[in-house]
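Reader: I've got the sequence and the model open side by side. Can we go through the pairings and contacts together?

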Amino acid sequence: MDKSTRRLPPGPKGHFLLGNLPEFGKDLLGFTTQCAREYGDIVRLRLANRVAYLLNHPDYMEYVLVTNHRNFVKNSFFWRHVKAVFGSGLLTSEGDFWLRERRLCQPAFHREQIAGYGTVMVDLTAQVLAAWHDGEVRDVHQDMMRLTSRIASRTLLGIDVGAEVEEIEPALELIIKEIAVRFRRPFPIPDSVPTPRNLRYRAAIHRLNDLIYRVIRERRASAAAGGARRDDLLSLLLHAQDIDGTRMTDRQLRDEAMTLFIAGHETTALALSWTWYLLSQHPDVEAKLWAELEAVLGGHPPSSSRYFPDPEAFMPDRWADGLAKRLPKYAYFPFGGGPRICIGGGFAMMEAVLLLATIAQRFRLTLVPGHPIALYPSITLRPAYGVRVTLERRR
C-alpha cells in the first residue's frame, strides 16, 4: 500500500501546534481512558512534534513486549530528563549492555535469595507499628514510603535503620516528586540550569550518590580483606561475574543500586497506600481480609508467600478461583513482560503481602472524613494529597 493512501489509526485531532499535549498534561488518566473508549484498541496521539500510539488490547501488549520486542526500544524523550538519577541501569539501558546487566543482576533475585528477606520485612514493619497509637491520624502513604525505603536500605544496601536512613528519606522523596514533575513536562530543562528545583534535585542526588559510593567502597575493601560476604543485594551484585569473567564497575553498581532503590521501594509503597484507601472504603472486603488473616495466621506473624468482570471495582477475591490462568496473558501485567519483565517482581509481591498482613493484623485504617483523594499519574500512580487515615487498634 502506498504511504499516501495508508490509513492511520484514529485519534483526537488536538491543537494545530501542540497536538494533544494540553489534554495529556491536564488529565492524563481521564484523557487516555476517554481515547480508549472513543477510538478503540489503537489510538494515534500527537504530543507537540512527536507521534505516540496508545495500545488497549492484550494481544498488542504481547506483540510489543514479547513477540516483536527487538523492534521497540525505550524512547529517550523522557529518560533524558532523569539521566542523572538512573544513569545506565536496567531501567534505561538497551541492547547488549542491558542484556549483560540483566545477566549479572538476575542471580541476586532468585526465589531462594528473595525469600530470605521476609523476616527483615516483617521485623521492620513491626518496628513501625510500635509507634502507631489507637485513634491517631496519620498519612499512611508517607508511612508506607518510609517503611519501604527502610526495607530497601536494609535489603539492598545492608544499612540498618538509624540516623543515616532518616537523612536519605527526604532526598528520596524529593527525587521521586521531581521525576513526577519531569514526566509531565513537555520540554526538558537541563540539570545545569540553576533553577531552585534543579538545585534541590542535584543536591538530593549528590546525597544518595555519597551514600551508595561509600557503601560500595566498604564492600570492596571488605572483599579484598577476605571478609565474609554479606546478604544484601549490593554485595551480591558486587561479586556477580559475567561469562567472560568481568564484573560491574563502581559506576554500574551505583546505577543499578539507585534504580533498584528508587523504583523498588516506591512501587510497593503505592500499592499498599491505595490498598489501605480502598479497604477503608469497602468494609465488606476488609472483613474478608481480617477473617482470612485470623484463619490462616491465627495471630502469628506472616512468613511464607501465597499465590492465590467490573474492572474498576475493588474485588480482591476475583483472583481466588484461578482467574489469572483464564485471562489473556497480557490482560494484567503489573511487572511488564518479555525479556524486560521487572527483575524485582518477586521481591515486590512478597513485600506487599507481608506488610499488608502484618499491619492489618494489628490496626484498622479508616480514611479521615473529607480528606481528598486524587490520582497523580507519573511513572507510577501516586496519591496527590497522601492518604490520611485514623488508626484503630484491633482487640
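Reader: Which residue in β7 stands opposite D139?

Author: This is a predicted model, where local features need pLDDT of at least 70, side-chain atom pairs count only at pLDDT 80 or more, and totals for chains, interfaces and linings use all residues. Residues are numbered from 1 along each chain as its sequence is written, and side-chain values use heavy atoms, with hydrogens and water left out. Strands here are DSSP runs of E with at least two residues, helices are runs of H or I with at least four, and both are numbered from the N terminus. Three bridges join β3 to β7 (residues 388-393) in the antiparallel sense; R138 stands opposite V389, and the partner of D139 is R388.

Reader: In what order do the three strands of the open sheet lie?

Author: Two strands pair if DSSP finds at least two bridges between them. β4 and β7 have five bridges and pair antiparallel, with L365 opposite L391. The edge strands, each pairing on one side only, are β3 (137-139) and β4 (363-367). The order is therefore β3-β7-β4.

Reader: What does the twist average from one strand to the next?

Author: Stay with the antiparallel open sheet, β3-β7-β4. Axes are lines fitted to C-alpha atoms (for helices, over the stretch in contact), and angles run from 0 to 180 degrees between N-to-C directions. On that basis the average twist from one strand to the next is 40°.

Reader: Which residue in the turn between β1 and β2 has a positive phi?

Author: β1 (residues 42-47) and β2 (residues 50-55) run antiparallel and are joined by six bridges. L47 stands opposite R50. The two strands form a hairpin with two residues between them, and the one with a positive phi, about 60°, is A48.

Reader: On to charges. How many salt bridges are there?

Author: A salt bridge here is a side-chain nitrogen of Lys or Arg within 4 Å of a carboxyl oxygen of Asp or Glu. One of them links D191 and R182, at 2.8 Å from N to O. By this rule the count is 26.

Reader: How many residues apart in sequence are the parts that R100 and D242 tie together?

Author: The side chains of R100 and D242 meet in a salt bridge at 3.4 Å, N to O. R100 sits in helix α6 (residues 95-105), while D242 is in the loop between α12 (233-239) and α13 (250-281), so the parts they tie together are 142 residues apart. Both ends are buried (under 20% relative accessible area; exposed is over 50%, partly exposed in between, with a 1.4 Å probe and protein chains only). The separation you asked for is 142 residues.

Reader: Is D255 buried or partly exposed?

Author: D255 forms a salt bridge with R251 at 3.1 Å, N to O. The two are four residues apart in helix α13, so about one helical turn separates them. R251 has 43% relative accessibility and counts as partly exposed. D255 has a relative accessible area of 4%, so D255 is buried.

Reader: Which residues do salt bridges with shared partners join into one network?

Author: Here the salt bridges share partners, so to speak, in a chain of links. The members of that one network are E136, R138, D143, R146, R150 and E169.

Reader: Which side chain makes a polar contact with the side chain of E266?

Author: E266 lies in helix α13 and is buried, because its relative accessibility is 8%. Contact means heavy atoms within 4.5 Å, and beyond its neighbours within four places in sequence E266 is in contact with M145, I176, T380 and R382. A polar contact is a pair of N or O atoms within 3.5 Å; within protein, one must be able to donate a hydrogen and the other to accept it, and residues adjacent in sequence count only if both atoms are side-chain atoms. At 2.5 Å, the polar partner of E266 is R382.

Reader: How many of the 18 residues of α16 are buried?

Author: Helix α16 (residues 345-362) reaches 27 Å from its first C-alpha to its last, close to the expected 26 Å, which is 1.5 Å times one less than its number of residues. Q361 belongs to this helix and counts as buried at 13% relative accessibility. The helix is mostly covered, and its buried residues number 13.
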